[in-house]
Amino acid sequence: MTSVSPDARRIWRGVRLPLAVVLLIVLTGTLLVLFQGEQTTGALEPGSYEPAGGRALATLLEREGVKIPIVRTAAEAKGVARDATVLITKPEYVPKSTFAEIRQSAEHVVLVQPSSGTVEEVLPGVRVSGQVETETRAPECEAADPVAAGSATMGGLTYSATQPRAQECYGGSYLEVPSPQGTVTVLGTPTPLTNDWLADEGNAALAMRVLGKHERLVWYLPTPADPSLETEKPLSELIPAGWSYAALQAGVAVVLLALWRSRRLGPVVTEPIPVVVRAAEATEGRARLYRKAKAAAHAGETLREAARARLRPLLGLTRDAEPAALVESVAVRTGRAPAEVGALLYGDPPADDAALVRLADGLDVVEREVERS
């Protein structure tokens, strides 16, 4: 017999292509990292050219003479916030105590899409009132900056305030809260500040007026590495987005490769038979076993069942046709009496070899008569 167990060569042939694909992905990623060098990425990153980045806005502000110190820790933000506008891109990362210190020293604080818990904690009297689709919206308020900018791409979270001097603009997605400590502006979406949308509608005008009020704009990007953060982020959020996309692509490639390889069953394995037994010899051997066992009755029933199986399709009957239907059909086609046909197809078993021979001859004759009719 031929063994069909895989050997080392067959295993290598099966895994070499997947290994080559994995090595190619790893090599390509390594080369991209080496040749591209360090790049700034991320939402509202002032050095990012991505659609959600803030490079275009930072460039416009710098051309207007606004100095933009970029800080990533609470200590840095508190050190440069005095008499400046402070843009906080991720307010949920900033502890309440840190926000209070920044608000005490800064002239203007801008919060980008703070969550319900965050805004209620750092701005008493302000709450999230809902969420709307981000689209072109008119100011519909009396605040100077939105009125001057006109329609802008606003939406996302909406806010409301109990302070009588607070201004709700753009359907509540822009909230301006003045106070003796300085004005706080809450944006329900970062969309008008991003590279992708800055040139649309009055987005640039709104962003420049809100963030360009003072000589310095402190661009505060809180990070999970800041030791002053109170909120712990899961490990999955610390993995760069590029690695997630690479893992997804590798997973898709592996699935497609598995589907492709699963359809290849390989060549047919031939196995030589030790002994070749011809059909005639098998029939004769079976007959000798019946004769030795004196099983004339069993052999007769086998002959009758085979004859009935051949007669049914000739007569247009189904395999589960009743005996009476088969007998009647044979009698009509051959002209024999139904009793004679019934005795031949369903009669008593033959008692000896002579009766078995007569039964076989009778069945052959009936089959020929049906075929000729």
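# A walk through the sheet, the disulfide and helix H10

Strand E8 is mostly covered, since four of its five residues are buried. This strand is a convenient place to begin reading the structure, which is a predicted model, and from E8 we can work outwards to the neighbouring strands.

On one side, E8 pairs with E3 in the parallel sense, over five bridges, and within this pairing His108 has Thr183 in E8 as its bridge partner. E8 is also joined to E7, this time by four bridges and with the two strands running antiparallel; here Glu176 stands opposite Thr185 in E8. Strands E7 and E8 form a hairpin with five residues between them, and in the turn Gly182 has a positive phi of about 135 degrees. Strands of a sheet pair through backbone hydrogen bonds, and they may do so either parallel or antiparallel.

Continuing past E7, we reach E6, which is joined to strand E7 (residues 174-177) by three bridges, again with an antiparallel run. In this part of the sheet, Glu168 stands opposite Leu175 in E7. Taken as a whole, the sheet is open and consists of seven strands in the order E1-E9-E2-E3-E8-E7-E6, with mixed pairing. Strand E1 (70-71) and E6 stand at the edges and have a single partner strand each, so one side of each is left without a neighbour in the sheet. Helix H4 (residues 96-105) lies across four of these strands, namely E2 (85-88), E3 (108-112), E8 (183-187) and E9 (217-220), and it runs at about 140 degrees to E3.

The edge strand E6 also leads to another feature, for the structure holds one disulfide. Cys141 and Cys169 form this disulfide, with their sulfur atoms 2.0 Å apart. The pair links distant parts of the chain, because Cys141 lies in the loop between strand E4 (126-137) and helix H6 (144-149), whereas Cys169 belongs to strand E6 (residues 167-169), 28 residues apart. The torsion about the S-S bond of Cys141 and Cys169 is about 95 degrees, so the disulfide is right-handed. Are these two cysteines buried or exposed? Cys141 is buried, with a relative accessible area of 16%, and Cys169 is buried as well, with a value of 0%; a residue counts as buried when this value is under 20%.

We now turn to a helix further along the chain. Helix H10 (residues 296-315) has 20 residues, and at 1.5 Å a residue it should span 28 Å; because its end C-alpha atoms are 28 Å apart, the model agrees with this expectation. The buried residues of H10 are Ala296, Ala299, Gly300, Arg304, Ala307, Arg308, Leu311, Arg312 and Leu315. These buried residues pack against four other helices, which are H9 (279-292), H11 (323-334), H12 (338-346) and H13 (353-372). Just after H10, Gly316 takes a positive phi of about 75 degrees.

Finally, we can step back to the protein chain as a whole, which contains 13 helices and nine strands. Of its 373 residues, 34% count as buried, and the chain exposes about 22800 Å², of which carbon and sulfur atoms supply 57%. Among the contacts in the chain with a separation of 6 or more, 62% are accounted for by residues 24 or more positions apart.

Key
Residues are numbered from 1 along each chain as its sequence is written. This is a predicted model: local features need pLDDT of at least 70, side-chain atom pairs count only at pLDDT 80 or more; totals for chains, interfaces and linings use all residues. Side-chain values use heavy atoms; hydrogens and water are left out. The expected span of a helix is 1.5 Å times one less than its number of residues. Buried means under 20% relative accessible area, exposed over 50%, partly exposed in between (1.4 Å probe, protein chains only). Contact means heavy atoms within 4.5 Å. A disulfide is a pair of cysteine sulfur atoms within 2.5 Å. Accessible areas come from the Shrake-Rupley method with a 1.4 Å probe; for residues, only the protein chains shown count as cover. Two strands pair if DSSP finds at least two bridges between them. Axes are lines fitted to C-alpha atoms, for helices over the stretch in contact, and angles run from 0 to 180 degrees between N-to-C directions.
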